[in-house]
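Biologist: I am new to this structure, and I would like to understand the reasons behind the words used to describe it. Could we go through them one at a time?

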Amino acid sequence: ALGAVVASKPAMEAMIASPSALSAMVASEPVMQTIIGSSIALNAMVTSPVAMKAVAASSTAMTAVAASSTAMTAVAASSTAMAAIIGNSTALNAVVSSQTAMTAIAKAPVAMAAIWKNNTAVQKVQANSTAWATFTGASTSVMGKTVAILAGLNPDDYANMTTIAASSTAMAAVAASQTAMAAVAASTTAVSAMAASATAKAALLASSLVKVYSWSSSKWTANPLTAVSGKGLLLKIQITNNAGSWSLPGTNNHKVLLDGSAFTATNGHSTANIYQQSTNAVIDESVRRYNSSIQVYLYNATQITYIPC
């Protein structure tokens, strides 16, 4: 009898419409496995807000779903299903704790975007290092479509992060969205695409989300001084005035560190001892992720442009 039910869309819809029948289904692991094994039954469940609310509230059902790549692929492709899971802490924990589930999430832009839109969901994923690595390691194609969704764009118009970064229209929308920028900053693939595109860098510098740290005093900062705390993207370092009257070009012990470490700037020199060609020299102009801080040791007037994410 169950085989006939799961093979019939009308029968499944009737079962879902019955509170007692639905409760019985989600409470039974064998029944859930049978549903997962039928594309008709599984689709009926993941596209129904009523059914997914019941699934999300049942530890038995969620254990079966989170352990099945078939079930999670269907769930991750459904905004209805993802909303139900994100709305239930038990269900969300089951997904975050399952490598099978997180692998499916990382392949589905709908699921990725649903999580990024919910701060609680993002925090749950971040709290699990394995889940976070899977989530932020999504491919360029998944990230491109995820970022498009978050920026209010049509994901079908963008094949990957490279096409997003190359489009002035897309980048204007992405650079205006705090959520889209958070997703970009968390993804090495997305950051690399931005750094490789002049169009993307121009859009980021023009973003309303941009912040500028300025040092203008003719005295040394602390060594080092934490200029910016938190996560984000460093966009530009520029010396605005040779206040110390150093003989330029040359090095003069100025430094800028991301998460405590120097890097090779776009002027070809290490930021552990900044090489300054002249006043108003652009030391670095790229897209670089920082996870905890931007620290400096400065005397000359300097501007550091960044977007907190």
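Modeller: Let us begin with a helix pair in this predicted model: Val122, Val125 and Gln126 in H13 meet Ser129, Ala131, Trp132 and Phe135 in H14.

Biologist: What makes the residues of this contact nonpolar, polar or charged?

Modeller: Ala, Val, Phe and Trp are among the residues that count as nonpolar, whereas Asp, Glu, Lys and Arg count as charged and the others as polar, so the residues of the contact of H13 with H14 divide into five nonpolar, two polar and no charged.

Biologist: Why is H13 called roughly perpendicular to H14?

Modeller: Helix H13 (residues 119–126) and helix H14 (residues 129–136) pack at an angle of about 115°, and their axes are 6 Å apart. Angles of 65 to 115 degrees count as roughly perpendicular, and therefore H13 is described as roughly perpendicular to H14.

Biologist: Turning to the sheet, why do S1 and S7 stand at the edges?

Modeller: The open sheet has four strands in the order S1-S9-S3-S7, with antiparallel pairing. Strand S1 (211–215) and strand S7 (282–290) each have a single partner strand, so one side of each is left without a neighbour in the sheet.

Biologist: How do you know that S3 and S7 pair?

Modeller: Two strands pair if at least two bridges are found between them; strand S3 (residues 232–241) and S7 have six bridges, in the antiparallel sense, and therefore they count as paired. Leu233 stands opposite Arg289 in S7.

Biologist: Which strands does helix H18 lie across?

Modeller: Helix H18 (residues 178–186) lies across S3, S7 and strand S9 (301–308), and runs at about 90° to S3.

Conventions:
Residues are numbered from 1 along each chain as its sequence is written. This is a predicted model: local features need pLDDT of at least 70, side-chain atom pairs count only at pLDDT 80 or more; totals for chains, interfaces and linings use all residues. Side-chain values use heavy atoms; hydrogens and water are left out. Axes are lines fitted to C-alpha atoms, for helices over the stretch in contact, and angles run from 0 to 180 degrees between N-to-C directions. Helices (H or I, at least four residues) and strands (E, at least two) are DSSP runs, numbered from the N terminus. Angles under 35 degrees count as roughly parallel, over 145 as roughly antiparallel, 65 to 115 as roughly perpendicular and the rest as oblique. Contact means heavy atoms within 4.5 Å.
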